[in-house]
Amino acid sequence: MYKEASDKYKEALGRLEQLLIKEKPGDEEWSKLDDMKIPLLLNYSQCKLIERDFYPVIEFTTDVLKRDPGNVKALYRRAQAHVCVWNTDEAKRDYERIRSLDTSLVNVVDKRLANLDAEIKRKDKIDRQQLAGKMFPK
């Protein structure tokens, strides 16, 4: 289901790109077409997130944020993707930015950050145990 939607968003974005090529960058028509990409990129990134294809999510949401730096949806999806590819610092920065932009999401962001911190600690512990096993084999 999401694969089909993903394919449709990809096709729509391709068509928009073709239309953009015909316009002069910065003109009113070009700007309108370029703005139309934002909801498509957000929806496409959500499909990719569900498909667990995280690097395109980061790419598409970063594109949105270049046009609209305060887009909370883009920040949230990019933060989720960063967590999944273990870009923890980037994820934390995005979550902190969400917290500053939308106070209604403070509880959600705090939970996500707490989960991320717990996962970092768990991974660090495993890494230390593995390193100790290599340094001091029995």
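Me: Ile 50 lies in helix H2. What makes Ile 50 partly exposed, rather than buried or exposed?

Reply: The relative accessible area of Ile 50 is 37%. Buried means under 20%, exposed over 50%, and partly exposed in between (1.4 Å probe, protein chains only). Ile 50 is therefore partly exposed. Helix H2 itself is a DSSP run (H or I, at least four residues; strands are E runs of at least two), numbered from the N terminus. This is a predicted model, in which local features need pLDDT of at least 70 and side-chain atom pairs count only at pLDDT 80 or more, while totals for chains, interfaces and linings use all residues. Residues are numbered from 1 along each chain as its sequence is written, and side-chain values use heavy atoms, with hydrogens and water left out.

Me: Which residues form a nonpolar surface patch with Ile 50, and what is a patch?

Reply: Met 1 and Tyr 2 form the patch with Ile 50, with about 340 Å² of accessible area together. Patch members have over 30% relative accessible area and no salt bridge; nonpolar side chains (Val, Leu, Ile, Met, Phe, Trp, Tyr) are joined within 5 Å, like charges within 9 Å. Areas come from the Shrake-Rupley method with a 1.4 Å probe, and for residues only the protein chains shown count as cover.

Me: Why is the pairing of Lys 32 with Glu 28 called a salt bridge?

Reply: The closest N and O atoms of Lys 32 and Glu 28 are 3.3 Å apart. A salt bridge needs a side-chain nitrogen of Lys or Arg within 4 Å of a carboxyl oxygen of Asp or Glu, so this pair qualifies. The two residues are four apart in helix H2, which means a separation of about one helical turn. Lys 32 is partly exposed at 45%, whereas Glu 28 is exposed at 58%.

Me: Which helices does the salt bridge between Arg 78 and Asp 94 tie together?

Reply: The closest N and O atoms of Arg 78 and Asp 94 are 2.8 Å apart. Arg 78 lies in helix H4 and Asp 94 in helix H5, so the pair ties together parts 16 residues apart in sequence. Arg 78 is buried at 16%, and Asp 94 is buried at 4%.

Me: How many salt bridges does the whole structure hold, and which residues form a network?

Reply: A search of the whole structure finds 14. Glu 17, Asp 34, Lys 37 and Arg 67 are linked in a network of salt bridges.

Me: What makes a set of residues a nonpolar core, and which helices supply the largest one?

Reply: Such a core consists of buried Ala, Val, Leu, Ile, Met, Phe, Trp, Tyr and Cys residues joined through side-chain atoms within 4.5 Å. The largest has 19 residues, and Val 64 and Tyr 95 have the most contacts inside it. Helices H1, H2, H3, H4, H5 and H6 each supply at least two of its residues. H2 gives the largest share, six residues.

Me: How do you know that Val 109 is buried, and which residues does Val 109 contact?

Reply: The relative accessibility of Val 109 is 1%, and Val 109 therefore counts as buried. Val 109 is found in helix H6. Leaving aside neighbours within four places in sequence, Val 109 is in contact (heavy atoms within 4.5 Å) with Tyr 95, Ile 98 and Arg 99.

Me: How does the reach of H3 compare with its expected span?

Reply: The expected span is 1.5 Å times one less than the number of residues. H3 has 14 residues and reaches 21 Å from its first C-alpha to its last, close to the expected 20 Å. The buried residues of H3 pack against H2 and H4.
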